[in-house]
Amino acid sequence: IALSTRDLNRAKFFGLSRQTINSAIQNLENDGIIYLSKGTGRNKIVHLTEKGKLFALKKIYPLFKIEY
């Protein structure tokens with residue numbers, strides 16, 4: 001997932017500030033759920049770690065199954 005400044009500005013539409021998004025990303029990185037790499041320009045690419053993939057399978061995937 002690549003996040004740009006424009007993507008962070010879109011988050012305002014949902015009532016989320018840039019600080020909130022950056023804080024959440026930093027917390028997920030500190031918890032070992034994601035890691036960041038450099039994208040093009042000012043973009044960062046967000047990657048799931050193995051721990052993050054397991055978390056997604058256990059916690060997020062079941063929510064998608066309910067919704068779809």
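Of the 68 residues in this protein, 19% count as buried. The model is a predicted one, and its accessible surface adds up to about 5,600 Å². Carbon and sulfur atoms account for 60% of that surface. Laid along its principal axes, the C-alpha trace covers about 30 × 25 × 20 Å.

As for how the chain is put together, it has 3 helices and 3 strands, and walking along the sequence gives the order β-α-α-β-β-α. Looking at contacts between residues at least 6 apart in sequence, 22% link residues that sit at least 24 apart.

Now for the inside. The largest nonpolar core has 6 residues: Ala11, Ile21, Ile25, Ile33, Ile34 and Val46. Nonpolar side chains in soluble globular proteins do tend to end up buried together. Ala11, one of the core residues, touches Leu16 and Ile21 once residues up to four places away in sequence are set aside.

Helix H2 takes in residues 18-30. With 13 residues at 1.5 Å each, H2 should span 18 Å, and its end C-alpha atoms are indeed 18 Å apart, so the expected and modelled lengths agree. Just past H2 comes Gly32, which adopts a positive phi of about 80°.

Next up is a pair of strands, E2 (residues 34-38) and E3 (residues 44-48), which run antiparallel and are joined by 5 bridges. Across this pairing, Tyr35 faces His47 in E3. E2 and E3 make a hairpin, with 5 residues lying between them. Gly41 is found in that turn, and its phi is positive too, at about 60°. The core draws on both strands of the hairpin: Ile34 and Val46 are among its members, with residue 34 falling in E2 and residue 46 in E3.

That leaves the charged side chains. The structure holds 1 salt bridge, and it brings together the side chains of Glu50 and Lys53, with 3.5 Å from N to O. Both partners belong to helix H3 (residues 50-67), and because they are 3 residues apart there, about one helical turn separates them. How open to the surroundings is each partner, exposed or partly exposed? Glu50 has a relative accessibility of 57%, so it counts as exposed, the cut-off being over 50%. Lys53 comes in at 42%, and therefore counts as partly exposed.

Definitions and conventions. Residues are numbered from 1 along each chain as its sequence is written. This is a predicted model: local features need pLDDT of at least 70, side-chain atom pairs count only at pLDDT 80 or more; totals for chains, interfaces and linings use all residues. Side-chain values use heavy atoms; hydrogens and water are left out. Helices (H or I, at least four residues) and strands (E, at least two) are DSSP runs, numbered from the N terminus. The expected span of a helix is 1.5 Å times one less than its number of residues. A salt bridge is a side-chain nitrogen of Lys or Arg within 4 Å of a carboxyl oxygen of Asp or Glu. Buried means under 20% relative accessible area, exposed over 50%, partly exposed in between (1.4 Å probe, protein chains only). Two strands pair if DSSP finds at least two bridges between them. A nonpolar core is a set of buried Ala, Val, Leu, Ile, Met, Phe, Trp, Tyr and Cys residues joined through side-chain atoms within 4.5 Å. Contact means heavy atoms within 4.5 Å. Accessible areas come from the Shrake-Rupley method with a 1.4 Å probe; for residues, only the protein chains shown count as cover.
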